[in-house]
Protein chains: 2
Amino acid sequence: MTPLSRRSFLSTTAVAGALSAAAGAAPAVALPWQPKSLERPLPLAETSTPALIVDIDQVEANLKTMADYLKARGMGLRPHTKTHKCPYLAHRQMALGAVGVCCAKVSEAEVMAASGLTEILITSPVVTREKIDRVIALAKNCTGLQIVIDQAQNATDFDAAARAAGIRLGVLIDLESGTRRTGVPMGDAAAALARHIAPLKHLRLDGIQCYGGHVMHIGDFESRKAASLSMLAEARDTRLRIEADGIPLRNFTGGGTGTYDIDVAVEGMTDLQCGSYLVMDLQYGILGAPEGRIYDTFPQAMFVWSTAISQPVPGSMTIDAGLKAMYRDSPRPELRGITGVTYGIGGDEHGILSLENPSRPIRLGDKLALLPSHCDPTINLYDHFHACRNDRVEALWPISARGMSQ
Amino acid sequence: MTPLSRRSFLSTTAVAGALSAAAGAAPAVALPWQPKSLERPLPLAETSTPALIVDIDQVEANLKTMADYLKARGMGLRPHTKTHKCPYLAHRQMALGAVGVCCAKVSEAEVMAASGLTEILITSPVVTREKIDRVIALAKNCTGLQIVIDQAQNATDFDAAARAAGIRLGVLIDLESGTRRTGVPMGDAAAALARHIAPLKHLRLDGIQCYGGHVMHIGDFESRKAASLSMLAEARDTRLRIEADGIPLRNFTGGGTGTYDIDVAVEGMTDLQCGSYLVMDLQYGILGAPEGRIYDTFPQAMFVWSTAISQPVPGSMTIDAGLKAMYRDSPRPELRGITGVTYGIGGDEHGILSLENPSRPIRLGDKLALLPSHCDPTINLYDHFHACRNDRVEALWPISARGMSQ
């Protein structure tokens with residue numbers, strides 16, 4: 001493994017350090033975030049396992065497919081960094097025309113801001129004193145920072161904190177989409193919240209967010225389409241209703257990888273919060289697409305690299321990737337390029353492959369690529385992506401916001 | 001947060017750095033591992049969430065209960081660091097009389113060795129060239145390092161590598177316990193493997209390991225007892241059989257938190273590999289104990305601290321702890337000290353509490369303690385424990401081997 005050169009290490013820590021000092025609050029990390037190129041590409045066969053591998057060319061293709069698709073239709077892309085937690089990938093998304101990035105939590109936003117990103121939307125409500133103070137500190141340097149609010153008292157609290165700091169903070173109203181997770185109910189309640197926020201001098205009401213987490217994984221395309229369009233029609237009506245009160249809104253954000261080709265048609269929607277399209281996972285691989293096809297627009301670009309380490313009984317093979325190497329979720333992880341084998345969890349540290357009818361022999365010491373069920377929490381288990389091209393690891397991409405769930 | 005003093009930072013990195021240079025292989029981490037005391041204890045109410053909290057006094061009580069119980073019965077304790085991944089806690093366990101520690105993987109052992117521990121057993125087979133080289137490099141400095149082997153060719157490979165390095169490496173034969181995960185079948189096959197290993201000049205056959213992962217969570221105590229004793233009787237017979245071939249064995253290791261009070265009676269067993277007893281989790285909380293009691297010898301000492309951040313619909317409350325804050329497993333996480341509430345996953349970043357009949361009101365901004373389902377993979381999501389006493393965080397204990405699944 002090649003460490004960062006001393007020069008690039010110093011330059012990155014200097015950026016984060018300066019930000020920290022200026023903001024008066026330690027950012028969550030001040031570690032280097034740029035890719036670390038390996039002096040000599042490392043063959044995958046020699047790479048220590050478990051490792052999280054991304055195919056550089058496929059990631060780039062997925063980045064471009066989504067960027068081009070939305071650009072051609074006049075829709076903005078505000079990719080969600082909670083998927084990759086990797087500032088380098090966020091910078092790639094911005095370079096391809098993203099209008100900004102989303103972060104799920106304050107600490108994730110701190111990491112992204114420390115890498116130099118300025119257009120950041122924190123997509124979950126922030127309600128405690130300590131976190132409000134951190135948002136305000138961040139906003140002093142991160143001029144494009146926006147938050148979401150779903151409750152009047154929280155708006156009052158943020159307005160007071162922004163006033164004390166002498167800043168004005170951009171706000172979106174978070175609408176309850178039907179996911180029943182966060183957000184103010186659409187319609188009357190949202191309009192009342194808008195009337196509460198609009199006169200607050202240190203908040204700037206920029207728009208609305210409506211993210212339908214419950215819609216993304218509806219298997220049948222037509223059902224998914226109907227659910228998303230109905231939800232977003234209600235969000236759009238809510239927007240019109242707020243604007244009818246003399247409160248103009250510029251942002252109408254929501255949507256994701258599961259509905260990007262549906263939501264792109266929603267009138268007045270300004271940008272989509274896609275995340276998973278970058279690497280994909282098996283949860284998306286089982287969704288339907290229009291005309292009875294399978295959703296395969298964004299091929300899987302990520303896998304967990306593992307090794308066959310023991311064969312205690314005939315007909316099965318134990319590998320070194322268990323609960324700590326892949327987040328347990330449905331559907332089951334699958335082997336890339338080998339059929340007739342079923343993966344089962346073998347505890348925290350191991351997986352057990354059931355060799356029903358393997359399409360090629362699997363021997364002790366063999367390295368195997370697993371396609372994980374669910375990309376976001378799996379990525380959150382690793383410190384970096386092994387970025388690979390033609391079966392050789394060319395660079396490590398730091399997952400700098402790993403563990404930043406605060 | 002108070003960083004380590006410069007002096008203690010330098011002393012810890014110096015230890016790791018020296019080890020690394022001497023071993024000719026970079027250890028997995030060279031970060032400070034000692035607890036970082038906070039200059040001023042931080043009230044839990046002001047602690048940023050999600051955070052992983054341990055109750056210092058309860059951890060110490062659990063440490064002592066297990067150490068005393070086994071000591072009084074002449075049984076050794078070889079605690080498993082895969083649970084806590086925290087060198088400080090491993091040192092506490094050694095200070096209370098542990099005979100050594102277990103590590104699941106090579107990279108975990110590297111972290112523990114870098115903290116100065118020398119008696120380390122790696123409990124999973126290591127089969128690739130790259131990992132064998134790392135084990136050999138580690139063994140040069142970590143004089144008490146032992147590995148497990150379940151296959152003849154692997155013994156031959158390790159012997160050759162140890163010969164090339166001019167060392168002799170301690171080996172336990174890993175027995176297939178019925179878990180069907182790793183190990184050589186007990187009886188004939190194990191005896192043949194022992195006869196293969198014994199003459200190898202650069203391996204030292206120290207004993208056998210028989211860990212019954214499938215036994216630990218059998219709910220009914222008598223059934224668990226019968227399964228564990230039957231398995232270990234077979235392991236003991238295998239030991240006697242190997243020794244009858246003129247191969248004396250000094251280590252007979254296995255067992256865990258779920259069976260410690262059963263396995264303690266097994267004749268010839270030398271030490272138990274308990275891990276979870278330190279902090280416990282809900283998976284142990286549902287087990288039975290003798291005479292129809294519940295298994296409550298080791299009270300839960302760890303929880304995930306979270307905040308109520310949104311109430312989109314009446315009757316539920318959304319908190320900031322989801323898949324990335326607690327490993328999803330059964331049984332469901334529970335609130336500490338509040339009944340009549342059910343936790344449900346609300347995606348990667350959130351949990352949704354269903355407020356059926358809460359024993360006290362839960363309001364926006366309230367902080368709540370969650371008891372996780374499964375301690376090991378939950379700990380593996382965090383960089384440090386917040387070590388707490390009387391509702392104040394006194395220190396951060398680095399989880400230095402977090403993510404070290406290689």
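**Two chains and a pair of helices**

Visitor: How many residues does the contact take from chain B and from chain A?
Guide: Keep in mind that this is a predicted model. Contact here means heavy atoms within 4.5 Å. On that basis, the residues taken from chain B number 56, and those from chain A number 56.

Visitor: Which three residues supply more of the area that chain B buries against chain A than any other three?
Guide: Start with the whole interface: chain B and chain A bury about 4,700 Å² between them, with 51% of it on carbon and sulfur atoms. Of the area chain B buries against chain A, 15% comes from just one trio. Those three are B:Arg181, B:Lys324 and B:Tyr327.

Visitor: Which side chain meets A:Asp348 in a salt bridge?
Guide: The two chains have eight salt bridges between them. In the one with A:Asp348, the N to O distance is 2.9 Å. The partner is B:Lys82.

Visitor: Are α5(A) and α6(A) parallel or oblique to each other?
Guide: Helix α5 covers residues 129-141 of chain A and helix α6 covers residues 152-165. Their axes come within 10 Å and cross at roughly 45 degrees. Angles under 35 degrees count as roughly parallel, and 65 to 115 as roughly perpendicular. The two helices are therefore oblique.

Visitor: How many nonpolar residues are in the contact of α5(A) with α6(A)?
Guide: On the α5(A) side you'll find A:Ile132, A:Val135 and A:Ile136, among others, and they meet a group in α6(A) including A:Phe158, A:Ala161 and A:Ala162. Three residues of this contact are charged and one is polar, while the nonpolar ones number seven.

Terms used: Residues are numbered from 1 along each chain as its sequence is written. Chains are lettered from A and ligands numbered from 1 in the order in which they are written. This is a predicted model: local features need pLDDT of at least 70, side-chain atom pairs count only at pLDDT 80 or more; totals for chains, interfaces and linings use all residues. Side-chain values use heavy atoms; hydrogens and water are left out. Axes are lines fitted to C-alpha atoms, for helices over the stretch in contact, and angles run from 0 to 180 degrees between N-to-C directions. Helices (H or I, at least four residues) and strands (E, at least two) are DSSP runs, numbered from the N terminus. Angles under 35 degrees count as roughly parallel, over 145 as roughly antiparallel, 65 to 115 as roughly perpendicular and the rest as oblique. Ala, Val, Leu, Ile, Met, Phe, Trp, Tyr, Cys and Pro count as nonpolar, Asp, Glu, Lys and Arg as charged, and the others, Gly among them, as polar. Buried area is the accessible area (1.4 Å probe) that two parts lose on being put together, summed over both. A salt bridge is a side-chain nitrogen of Lys or Arg within 4 Å of a carboxyl oxygen of Asp or Glu.
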